[in-house]
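User: Could you take a close look at one part of this model for me, the place where a pair of packed segments meet? I'd like the packing itself, plus whatever helps me see where it sits in the chain.

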Amino acid sequence: MAKFKVTMSKDKTATLFIYEGIYWGLAQEFADELQRLKNDGAEKFIVRINSPGGSAYDGLAICNLLKSYDAMVVVDSMAASAASLIAMGAKTIKNARNVANACTRCSRHDLWQYKGSRKSQGEH
């Protein structure tokens with residue numbers, strides 16, 4: 001079961017809440033949950049986001065998943081970094097009523113990369 005909140009309304013609209021960081025493995029949980037909801041009869045999908053971002057790989061995977069589900073994203077407060085990638089997968093992006101402009105709450109940046117190395121035993 002996914003760690004994010006999921007609701008289903010009587011009109012067969014499923015709402016998924018991403019109110020946390022985008023962690024490694026979230027994309028698989030999200031894909032499993034979308035499939036479960038579809039099997040349970042969901043016809044519309046809404047993703048509500050309030051996230052500081054996280055794993056770009058999982059954000060991009062969820063973005064691509066949403067494109068195949070014709071989903072709507074609502075930015076409730078912040079969709080930063082990898083969370084903004086998720087928002088880009090929706091057919092429609094809306095902002096919560098008290099958010100002046102959803103785009104001002106979506107932020108992106110250059111990708112960060114960590115390159116680690118260690119010295120060989122002979123080097124000092």
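Analyst: Helices here are DSSP runs of H or I with at least four residues, strands are runs of E with at least two, and both are numbered from the N terminus. On that basis the chain has four helices and six strands, and starting from the N terminus they come in the order β-β-α-β-α-β-α-β-α-β. Keep in mind that this is a predicted model, so local features need pLDDT of at least 70 and side-chain atom pairs count only at pLDDT 80 or more, while totals for chains, interfaces and linings use all residues. Residues are numbered from 1 along each chain as its sequence is written, and side-chain values use heavy atoms, with hydrogens and water left out.

A quick word on the whole chain before zooming in. Of its 124 residues, 39% count as buried (buried is under 20% relative accessible area, exposed is over 50%, partly exposed is in between, with a 1.4 Å probe and protein chains only). The accessible surface comes to about 8200 Å², and 51% of that belongs to carbon and sulfur atoms; areas come from the Shrake-Rupley method with a 1.4 Å probe, and for residues only the protein chains shown count as cover. Contact means heavy atoms within 4.5 Å. Among the contacts with a separation of 6 or more, 67% are between residues 24 or more positions apart.

Now the part you asked for: helix α1 (residues 26-39) against helix α2 (residues 56-69). Two packed helices are described by the angle between their axes and the distance between the axes. Here the axes come within 8 Å and cross at roughly 20°. The axes are lines fitted to C-alpha atoms, for helices over the stretch in contact, and angles run from 0 to 180 degrees between N-to-C directions. Angles under 35 degrees count as roughly parallel, over 145 as roughly antiparallel, 65 to 115 as roughly perpendicular and the rest as oblique. α1 and α2 are therefore roughly parallel to each other. Their crossing is right-handed, as the term applies when the near helix is turned clockwise from the far one by less than a right angle, with anticlockwise giving left-handed.

Who does the touching? On the α1 side it's Leu26, Ala27, Phe30, Ala31, Leu34, Gln35 and Lys38, and on the α2 side Asp58, Ala61, Ile62, Leu65, Leu66 and Tyr69. Sorted by type, these residues give 10 nonpolar, one polar and two charged. For that sorting, Ala, Val, Leu, Ile, Met, Phe, Trp, Tyr, Cys and Pro count as nonpolar, Asp, Glu, Lys and Arg as charged, and the others, Gly among them, as polar.

Two α1 residues are worth following across to α2. Leu26 lies in α1 and is buried, at a relative accessible area of 0%. Beyond its neighbours within four places in sequence, Leu26 is in contact with Phe4, Asp58 and Ile62. The C-alpha atoms of Leu26 and Asp58 are 6.3 Å apart, with their positions 32 residues apart in sequence. Ala31, also found in α1, is partly exposed at 22% relative accessibility. From Ala31 to Ala61 the C-alpha distance is 9.1 Å, for a sequence separation of 30 residues.

The strand side of α1 comes in through Leu16, in β2 (residues 13-18). Leu16 is buried at 0% relative accessibility. Not counting residues up to four places away in sequence, its contacts include Phe30, Glu33, Leu34 and Leu37, along with Phe45 and Ile46. Leu16 and Ile46 are 30 residues apart along the chain, and their C-alpha atoms are separated by 6.3 Å.

Lys3 gives another view of α1, from the segment before β1 (5-8). At 63% relative accessibility, Lys3 is exposed. Its contacts outside four places in sequence are Glu20, Tyr23 and Glu29. Lys3 and Phe30 sit 9.4 Å apart, C-alpha to C-alpha, and 27 residues apart in sequence.

Past α2, look at Asp70, in the loop that leads on to β4 (72-80). Asp70 isn't a glycine, yet has a positive phi of about 55°, and is partly exposed at 47%.
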